[in-house]
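Work through the exercises below with the sequence and the 3D view open. Try each task before reading its solution.

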Amino acid sequence: MDLNGGTVRAEELEYLDGYETALLLIEGGGETITPYGVVYNNGMRLPQLYDGRRFPEYFYESCLASVILSLPDHPMEQETLYFPCAESKIARTLRRLGAERPEQCVAMLDTSEISEAVRGVFEDEYPLNKHLETLNALTRCLQKFDGQALEDFHTVFDTVWPETPEEVLYLAEELRDFTVVPDISSAEEYGWFLIKESKNLDVDPKSEAYIDYQKYGQHRIQEEGGHFGDRGYVAYLGSKSEIRSIMDRNLSERQMNQSFWQKRNPSMKMGGE
């Protein structure tokens, strides 16, 4: 029962005298008789939200990113897409604006649950209106990830540093083929992790002092072609050439940086050594 714009709590409803409340309403007047009953004004004000064309924003399901579209000549006439969505929704939104292709529109990323770094690739480095389908496909992938998978994706992203929206999507689609070990920065830590986490090795604690974790870690890193980043260790174990090219490009850049810093600081050792 609503009174004065508020809802009565269940425990209060037990002590509410409905008969007396009805009499008070009748005696107070101000009623409106309708075919469905008698209505009393409780003072609640309902603002007009529907403008006759667009429904108010309401997230019926999970939304990872929303994009506002408008035409350059009519910036105030806007439509919003909520990703991920069906491709038909993108087409209908364009028709409502009077556009045939997303490239004809001005696109602005309004809200987003993706990281600032990922957002920057779509928003700052490349025109968003040319990559709506890629963003839609990416959010569809991310929506399927649990918390750990999402953390792994951001670790891969921050380590590999894809340069284009398509490369970001490749990483998300192939995430299952990546090995991700968070919060480590050296070959020794990786070797220790592999031996400790292995289900096929039962290491006697007394023999741990004789295990060369660093050497084993270096061997596996070279075998896997892995990288250390700020978030941990990443290696791609799949066979997609697109991912390999991204990893190889990143490796070359890291080797150049490593060579530069070692020349300037001969005593400095970088992660993985």
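Notes on the model come first, then four exercises.

This is a predicted model, in which local features need pLDDT of at least 70 and side-chain atom pairs count only at pLDDT 80 or more, while totals for chains, interfaces and linings use all residues. Residues are numbered from 1 along each chain as its sequence is written, and side-chain values use heavy atoms, with hydrogens and water left out.

**Exercise 1.** Find the strands that pair with β10, and state whether β10 is enclosed or not.

Solution. Helices (H or I, at least four residues) and strands (E, at least two) are DSSP runs, numbered from the N terminus. Two strands pair if DSSP finds at least two bridges between them. Step one: strand β8 (residues 178–182) runs antiparallel to β10 and is joined to it by five bridges. V181 has Y233 of β10 as its bridge partner. Step two: strand β9 (residues 227–228) is also antiparallel to β10, with two bridges, and here F228 has Y233 as its bridge partner. Three residues lie between β9 and β10, which form a hairpin. Step three: buried means under 20% relative accessible area, exposed over 50%, and partly exposed in between (1.4 Å probe, protein chains only). Five of the five residues of β10 (residues 232–236) are buried, so the strand is largely enclosed by the rest of the structure.

**Exercise 2.** Determine how many disulfides the model has.

Solution. A disulfide is counted where a pair of cysteine sulfur atoms lies within 2.5 Å. Take C85: its closest cysteine sulfur, in C63, is 9.2 Å away, which is too far for a bond. The count comes to zero disulfides. As for accessibility, C85 is buried at 8% and C105 is buried at 4%.

**Exercise 3.** Locate the largest nonpolar core and describe the surroundings of F178.

Solution. A nonpolar core is a set of buried Ala, Val, Leu, Ile, Met, Phe, Trp, Tyr and Cys residues joined through side-chain atoms within 4.5 Å. The largest one has 42 residues, of which F83, L138, F153 and F178 touch the most other members. Helix α5 (residues 132–143) gives the largest share, six residues. Contact means heavy atoms within 4.5 Å. Beyond its neighbours within four places in sequence, F178 contacts residues including V156, L171, V234 and Y236.

**Exercise 4.** Give the strand order of the three-stranded open sheet.

Solution. The order is β6-β5-β7, with antiparallel pairing. β6 (74–83) and β7 (106–112) are the edge strands, each pairing on one side only. Six bridges join β5 (residues 65–71) to β7, and A65 has S112 as its partner there.
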